[in-house]
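Student: I should be grateful for a close look at one part of this structure, namely the packing of helices in the first chain, set in the context of that chain.

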Amino acid sequence: MKEADLPAARRRVRDTLAHREPDRVPIDLGSTSVTGIHVSVVAALREYYGLPRQPVKVYDVSQMLGAVDADLAAAMGVDTWGIPRRRSHYGFVNENWKPWRLNGLEILVGGGFEVDTEPNGDIVIYPQGDRSVPPSGRMPAGGWFFDAIIRQNHFDPDHLDPADNLEEFRPIPDEDLTWNVNWLPEGEASGRAIIAGFGGTGFGDIAIVPAPGLKDPRGIRDITEWYVSLRSRRSYIHAVFEKQCEIALQNLKRIHAAIGNRIDVVYLCGTDFGTQTSAFCSVATFRELWLPYYKAICGWIHAHSGWKCFKHSCGSVERFFESLIEAGFDIINPVQCSAAGMDPVRLKKTYGGRLVFWGGGVDTQKTLAFGTPDQVREEVLNRCEVFAPGGGFVFNPVHNIQAQTPVANVIAMLNAVHEFNGVRHA
Amino acid sequence: MPEFEKLHQAILEGDQKSARALTEAMLAEGVAPMDMITKSMVPAMDEVGRRFECEEYFVPELLLSARAMKGAMELLRPLLAASGAQPAGRVVIGTVKGDLHDIGKNLVASMLEGGGFEVVDLGADVAPEKFIDAVKNSGAQIVALSALLTVTMPSMRTTIEALNQAGLRSKVKVMVGGAPVTPQFATEIGADGYSETASSAVQLARKLVAETAA
């Protein structure tokens, strides 16, 4: 299909990805695991818009992100559509949905979602739904998310084998491949830009390191141990990344052979390199440990497909932007403007022609969670004014919209984008 | 290189094996544990903090140095207890109820320990009553609260309120930190101090202890 014949939403995203100013700023809410909405807020938004009351599906039970169905996406004016992930963070398949209650709210979870409530009210979740092994995740009593339980059960620092840290990286199963192919018609029919994340390309993503989907993980699974290994066991880290990269490239070849250019964006890696005030490692460490593998992945994608490469990293990460561009990333998310050195005006001026800012729309730690609707509106309008000119901007808040965020603020956020765009919605 | 300087260097380089070996050797030679702390370990961790602040060091380096320091400290702690030596201060630290994230809290705890403080680390998802018990049992001058999530920030307020209700608030200083926490929020909930980084937490704790003593 020619660009001009594409549905408006998809063309809008394609334009902005090509650094052409689209007819309006495109909006993403819900297409990835880093641009989503907590299920409790999804349910509240459905109620606000008067949409049918129904339990919301949760594909990402770790962060408890709710599915943004077509009716809600239309009400909010969303321009993106993400292929749902077949396997959850905890290793079970998102099929055979069943109800579960999260702090009183009925939601839907995959059939393999198996949990127990401990005497203190904490909820623990089992990997691959297997109750015969110890749980791999915990939600504190009254909490809204699951966090990985660290299982560092077979750790012998003098006899480490990189293969142990590769158990979760494997050739993509046929059923996962088919799942992605089968979802595409719905995405294409939506008229929105299609985003996909196939997994396997998150190098050292600290959310993945504890391997919450494995029943009995080996290797370095403790978060602190992993971080110190970035300094003290570099050859081990290289060995893990090298093999992981090799597996990922084989998978990408198979996936591309099956879906071709039917997607617009591929979500590749969620490894966070930034903190609020600084970075997790130096640029030199990044270039030694990550750059070669990112280059291999992005290089293959650009040589063989039209997919745009999406990189997520929270925090103060401006220092890595030149290296990320060199690696071949086209898109940076979530653009945490509140972190040190992440001034939106300077970022747009310096990198706006080379990186697409997918996020940065409004702060989720402060303004959206605790501010007033007027403060939200003001910040959103300001960010749109900074990031929108010349394209290269997809509106999304800074990371997922968290639980207990006031719906009035989410509505104020959306209204502000529509106001900027000069259109009315809902 | 004099032994104090070697131990200082081992901690700076995050070399736990050397730090422990040097500590053992110095103990065998009769060096006073408190001298090792004040002449090697505290200055080394201060330097680690300085390098972290000016971005010569990052999280991996800080963690490695903290490990080296802790490895040496494990050897000294029983001797210090026996000698009745006083730490720079006592801190009860934890991630507040409902929040399981502890990397930031662990970094702060390590830096405080490296700064000569005695640290009672209660871990993550700590209920207010556990903080109260720990303050009563340890005689801490400072309670340090951490939160990573916007949804758990209110637990900081309830912890401070619980300290108040237990009649302990006037006896301890409360310092807070964590990704979404701001100085304004710290003021709003009645905390005595806010720290943005692990290394600046040590400066803050020293200031708060001085205020307690004044």
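Tutor: The account below goes from the chain as a whole to the helix pair, then to two loop residues, and ends with the second chain.

This is a predicted model, in which local features need pLDDT of at least 70 and side-chain atom pairs count only at pLDDT 80 or more, while totals for chains, interfaces and linings use all residues. Residues are numbered from 1 along each chain as its sequence is written, and chains are lettered from A and ligands numbered from 1 in the order in which they are written.

Chain A contains 13 helices and 15 strands; helices (H or I, at least four residues) and strands (E, at least two) are DSSP runs, numbered from the N terminus. Its radius of gyration is 21 Å, close to the 22 Å that the globule rule gives for 426 residues, so chain A is as compact as a globular protein of that length. That radius is taken over C-alpha atoms, and the globule rule is 2.2 Å times the number of residues to the power 0.38. Along the principal axes, the C-alpha atoms of chain A fill a box of roughly 60 × 50 × 40 Å. Of the 426 residues of chain A, 52% count as buried; a residue is buried if 20 or more other C-beta atoms lie within 10 Å of its own, exposed if 12 or fewer, and partly exposed in between, with C-beta atoms placed from the backbone. Among contacts in chain A with a separation of 6 or more, 73% join residues 24 or more positions apart. Two residues are in contact if their C-beta atoms, placed from the backbone, lie within 7 Å.

The helix pair comes next. Helix α6 (residues 234-259) of chain A packs against helix α8 (residues 291-304) of chain A at an angle of about 15°, and their axes are 10 Å apart. Axes are lines fitted to C-alpha atoms, for helices over the stretch in contact, and angles run from 0 to 180 degrees between N-to-C directions. α6(A) and α8(A) are therefore roughly parallel to each other, a description given to angles under 35 degrees, whereas those over 145 count as roughly antiparallel, 65 to 115 as roughly perpendicular and the rest as oblique. The crossing of α6(A) and α8(A) is right-handed: the near helix is turned clockwise from the far one by less than a right angle, anticlockwise being left-handed. From α6(A), the contact includes A:Phe241, A:Cys245 and A:Leu252, and from α8(A) it includes A:Tyr293, A:Trp300 and A:His304. By class, this contact of α6(A) with α8(A) has ten nonpolar, two polar and no charged residues. Ala, Val, Leu, Ile, Met, Phe, Trp, Tyr, Cys and Pro count as nonpolar, Asp, Glu, Lys and Arg as charged, and the others, Gly among them, as polar.

Two loop residues follow. A:Arg86 lies in the loop between β3 (80-82) and β4 (98-102) of chain A and is buried, with 22 other C-beta atoms within 10 Å. Its C-alpha atom is 8.2 Å from that of A:Asn180, 94 residues apart along the chain. A:Ile220, in the loop between β10 (193-196) and α5 (223-232) of chain A, counts as buried with 25 C-beta neighbours inside 10 Å.

As for the second chain, the contact takes 19 residues from chain B and 26 residues from chain A. On the side of chain B that touches chain A, the largest share, five residues, comes from α4(B).
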